[in-house]
Amino acid sequence: MYHGDHWPDLRREHRTRRTQKRQRRQRQRDVTKPFGGIVDTVTSSSSTQARVTARERLSVLVTGGAGFLGSHLCEHLIERGHRVICLDNFHTGRAENVRSLTGSGRFDLVEHDIVEPFPKELPHFDHIYNLACPASPQHYQADPVATALICSQGVYNCLRAAEQHGARVFHASTSEIYGDPEIHPQTEGYHGNVNTVGPRSCYDEGKRFAETLVTDFGRRAGLVTRMARIFNTYGPRMQPDDGRVVSNFVVQALLGKDITVYGSGEQTRSFCFVSDLIDGFTRLMSNGDGSLGPVNLGNPIETTVRALAHIIIDIVGSRSKVVYQPLPIDDPRRRRPDIAQARAALGWSPKVELAEGLRHTIRYFDDELRRAPQSQFDAAHSAYRRSGAVAEDLALAAADQGSSYSSRGSRLLDRSLT
Ligand code: NAD
Ligand code: UDP
């Protein structure tokens, strides 16, 4: 829970920082105005994109930064020259995902649960991307109460921290807020068709509540907020056992196991490759001055789950057979984003075709399979497992290095900031 008494000193400190930040922003505006005055110039996923100068460098906090999307975002920000504080409790993420970033000298890895108030000792940050939340149905349903709290108390804590640091906020929302949609494709104006008491509700309704909280915080506290409604995204660093359709099918195909299609396989999803999505995130965050969103980000090309199974079997050249299993309760029948807003406001549209993205993803899982014991990957349908071993290993490593960060259950696991 939030304890207001712990923060008065911070408030004073952050008022000063806000003033300094306003002055810094003004100085930056004087230098260049790439997108209506905001100087985070990350606008394209192209590797030719310029790094920011030391003056333009932002300090960016990424919650859930050790997860699938978060680790790609951290990598992208570090490549562009920013400082990154990655805050994660390793619920579904892995420290392995961001280990390579620690050599940059601009990356901190902090173990923290966003349901708890943010540690006071956090360095100042200009932007916060809130990605912390389990995303696969298997994981978010394993502890539905925890999921609902992450989407409510956790988001509240992120917003409080943003307010105190005077930071711009990005919040990762989801196509799940449309539920089982009656409008197709889904536009941002559609309010959704969501069961409030089903097995998916903790996530769907949690994310809907979070959108409300972010919006009202923006109105009340004058925060600049950005929200993306993310449609199914896939790519390297998905967890092999998170139960999502792309990771399940790829691992099954590589192991020559049956491909488990739920229901008839006629339900559709629209699959976006991770690099396209991260490009959308950074465009949304850097574009213009006021609050924006929610904006749909996803690939508008729709595929049936059955077709996806066959595409993956073909690319892998697998001997796997397709088998049919019961459709989970409340599984949405159709999903396709209308991305007209993202195209118009951000000049964004996905570039990576499904077959190409799947080839990258298959190569990643193939490498992982070669490195890890097969038994680890046989858990494609196993119950949720916390990756506590990784966190413990790193905590020991941090202790060996003499790292002493500790605050209300938070630990600095890897500090490379100087
Ligand atoms: P992920 O499970 O790989 O990553 C989530 C990260 O958040 C993990 O590193 C996890 O350890 C961390 N986390 C979870 N609970 C936390 C807590 N209480 N405190 C701190 N850290 C916590 O999932 P992802 O696919 O990378 O999704 C990231 C975000 O994007 C989520 O908010 C998700 O709802 C949203 N999203 C993802 C997709 C998708 O297709 N990948 C689609 C829609 C929305
Ligand atoms: N799915 C499937 N087999 C699997 C995993 C998932 O047929 O092994 C189906 C699932 O029922 C859903 C679709 O694939 O219709 C996408 O599922 P996922 O969990 O990846 O995402 P979400 O349902 O949240 O969009």
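Biologist: Why is strand β3 called largely enclosed by the rest of the structure?

Modeller: In this predicted model, 5 of the 5 residues of strand β3 (residues 107-111) are buried, so the strand is largely enclosed by the rest of the structure. Phe107, Leu109 and Glu111 point one way from β3, while Asp108 and Val110 point the other way.

Biologist: What general pattern lies behind side chains that point to two faces?

Modeller: In a regular strand, side chains alternate between the two faces of the sheet.

Biologist: What makes β2 and β3 a pair of strands?

Modeller: A pair requires at least two bridges between the strands. Strand β2 (residues 83-88) and β3 are joined over 5 bridges, in the parallel sense, so the requirement is met. Within this pairing, Ile85 stands opposite Asp108 in β3.

Biologist: How do you know that Asn97 is buried?

Modeller: The label buried calls for 20 or more other C-beta atoms within 10 Å. Asn97 has 23 such atoms within 10 Å, and therefore it is buried. Asn97 lies in the loop between β2 and β3.

Biologist: Which residues does Asn97 touch, apart from those up to four places away in sequence?

Modeller: Asn97 touches Ala66, Ser71 and Arg237. A contact of this kind means C-beta atoms within 7 Å. In addition, the C-alpha atoms of Asn97 and Gly65 are 8.8 Å apart in space, although the two residues are 32 apart in sequence.

Biologist: What makes helix α6 mostly covered?

Modeller: Of the 11 residues of α6 (residues 245-255), 10 are buried. Among them are Val245, Asn248, Phe249 and Val250. Just after α6, Gly256 takes a positive phi of about 70 degrees.

Biologist: Which residues is Phe249 in contact with, leaving aside its neighbours within four places in sequence?

Modeller: Phe249 is in contact with Ile259, Leu308, Ala309 and Ile312. Phe249 is also one of the residues that touch the most other members of the largest nonpolar core, a set of 90 residues. Others in that group include Val62, Cys74 and Val250. Helix α4 gives the most to this core, with 8 residues.

Biologist: What general tendency concerns nonpolar side chains?

Modeller: In soluble globular proteins, nonpolar side chains tend to be buried together.

Biologist: How do you know that strands β6 and β11 pair?

Modeller: Strand β6 (residues 225-230) and β11 share 4 bridges in the parallel sense, and at least two are needed, so they count as a pair. The bridge partner of Ala228 is Val295 in β11. Strand β11 (residues 292-297) is mostly covered, with 5 of its 6 residues buried.

Biologist: Which residues come nearest to ligand 1, and which element gives the most to its shell?

Modeller: Of the 28 residues around ligand 1, Gly64, Gly67, Leu69, Thr92 and Gly93 come nearest. Helix α2 gives the most to this shell, with 3 residues. By class, the shell around ligand 1 has 14 nonpolar, 12 polar and 2 charged residues.

Biologist: What makes up the shell around ligand 2?

Modeller: Ligand 2 is surrounded by 14 residues, and the closest are Arg244, Val245, Asn248, Thr260 and Tyr262. Both α6 and β8 (259-262) supply at least two residues of this shell, and the largest share, 3 residues, comes from β8. The shell around ligand 2 divides into 6 nonpolar, 5 polar and 3 charged residues.

Notes
Residues numbered from 1 in each chain as written. Chains lettered and ligands numbered in written order. Predicted model: local features only at pLDDT ≥ 70, side-chain atom pairs only at ≥ 80, totals over all residues. Near = placed C-beta within 6 Å. Nonpolar A, V, L, I, M, F, W, Y, C, P; charged D, E, K, R; others polar. Buried ≥ 20, exposed ≤ 12 C-beta atoms within 10 Å, placed from the backbone. Contact = placed C-beta atoms within 7 Å. Core = buried A, V, L, I, M, F, W, Y, C linked by C-beta atoms within 7 Å.
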